[in-house]
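User: I'd like to learn how to read a few features of a structure. Could you walk me through them?

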There are 2 protein chains.
Amino acid sequence: MRYFLELRYDGAAYCGWQRQPDQPSVQQTLEQALSTLLREEVRVTGAGRTDTGVNASYYVAHFDATEPVADPGRVVYKLNFLLPGDIAVGSMTPVGDEAHARFSACEREYRYFIEPRKNPFTRGSAWQYYVPLDMERMNEAAAALAEYSDFTSFAKLNSNNKTNICRIMHAAWTEDERGVMRFTIRADRFLRNMVRSLVGTLVDVGRGRYTPDEFRAIVESRDLARSSGGAPAQGLFLSDVRYAPEVFERTMFY
Amino acid sequence: MRYFLELRYDGAAYCGWQRQPDQPSVQQTLEQALSTLLREEVRVTGAGRTDTGVNASYYVAHFDATEPVADPGRVVYKLNFLLPGDIAVGSMTPVGDEAHARFSACEREYRYFIEPRKNPFTRGSAWQYYVPLDMERMNEAAAALAEYSDFTSFAKLNSNNKTNICRIMHAAWTEDERGVMRFTIRADRFLRNMVRSLVGTLVDVGRGRYTPDEFRAIVESRDLARSSGGAPAQGLFLSDVRYAPEVFERTMFY
């Protein structure tokens, strides 16, 4: 019997979602708690990797249980007591045998937060960056992303990607009343380190190092050496994973 | 020359505002940074104590410098680089010799946050409390507070308060779209541990242990043994300190 779990996690203490030897990962932490609760060895498959220190305000994973679970709500409740405070499970839902947290996902969304001042309360959830940024220029550059499909300029080398092709559905910056800037990007898939590298390069547009046209030239170059350094991990959140409605519909909103 | 500093701090790593032997305090941390920058021994006076682990989204302190500071904005900038990430200074303003961060303050405001679910991102800034709470009952009880002036039932023993008299200007609960409950309370002064003890007792009203009338009886009893245990420190924020406009006007909003 296959189940989808909806969860969120603060990535600060983890090497990322994916299990690594000798380093704490969200995947391994979740597998241990589930195995304890269900009294069998449970392996969990996630919607995708997240890098060291990256957060997820929304994440989906699946696992198979030998026996159907009588009361999934009860398992979620117990799971949250067993898991550390930096991982919270929102739901556990039976799905079809073909449903796959990673391969069935048709769209993912990331958000990146930049705070323009020192703030003790967003140290773990934003990049505190004090140089003024021109949002209009950053949005002009971001809007161009949907015209491209090859993101080799923002793909970490030595990654396992077979292709560097992504379909960007949306990429834009917004600013709230406190001046906190939020970059939202939706695509069918993301390459390793891609969002942080895009944010770092867009920030260089915002502070005047590149024009929006020079940003386009960087994308078109397919040369990793031309993009800027990645923005820090703590500002990045995986914020949505979407499936065809017959596969799975999101239930965890808060 | 006297200056007011506006600041905020995450209290998790500190024994509170006030200097204690062998424990890190916000006051001592600030004094060290200021003394380094101004090259003289600086003593800082705060608007009031905060308990171990309690946060301040707004705080005011004053200090005296032997010589007028040529560029206060520059000192704020350098101070923020020198201070750890959990303390941020927003402004430094010259004030009159009579202005006193503590004695001139005529009103203080605290906020307390209760989150009704496990949330990795509010572990340091809210009480995650999973029992359903009846906001209407809690507000009925909170509204009664303005009718009383003696808060002995919520005053920690062995504190230095000469009297337990406070004038409450406002006390109410609100709830945002995510279900996060916020208690806001304004008074001329607060007793040690008072807000956390009030919140703990109001939560007992909200979960049905006491009626609003029983809450009134607890206030009227002037008996510390009848109030509930204090709510956890991390959910509490000092959020405002007000002065007569001729003394000092708030400039730090975000």
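Analyst: Sure. Helices (H or I, at least four residues) and strands (E, at least two) are DSSP runs, numbered from the N terminus. This is a predicted model, where local features need pLDDT of at least 70, side-chain atom pairs count only at pLDDT 80 or more, and totals for chains, interfaces and linings use all residues. Residues are numbered from 1 along each chain as its sequence is written, chains are lettered from A and ligands numbered from 1 in the order in which they are written, and side-chain values use heavy atoms, with hydrogens and water left out.

User: Where is A:Glu140 found?

Analyst: A:Glu140 sits in helix H3 of chain A.

User: How do I read the way two copies are arranged?

Analyst: Two copies of a chain are related by a rotation about an axis and a shift along it. Here, a rotation of 180° with 0.0 Å of shift along its axis puts chain B onto chain A, RMSD 0.0 Å (a least-squares fit on the C-alpha atoms of residues with pLDDT of at least 70 in both). The two copies are therefore related as by a two-fold rotation axis.

User: And what about phi angles?

Analyst: Most residues other than glycine have a negative phi. B:Asn193 has a positive one, near 70°, and lies in the loop between strand S8 (181-187) and helix H4 (194-206) of chain B. B:Arg222 also has a positive phi, near 50°; its place is the loop between helix H5 (212-221) and strand S9 (236-243) of chain B.
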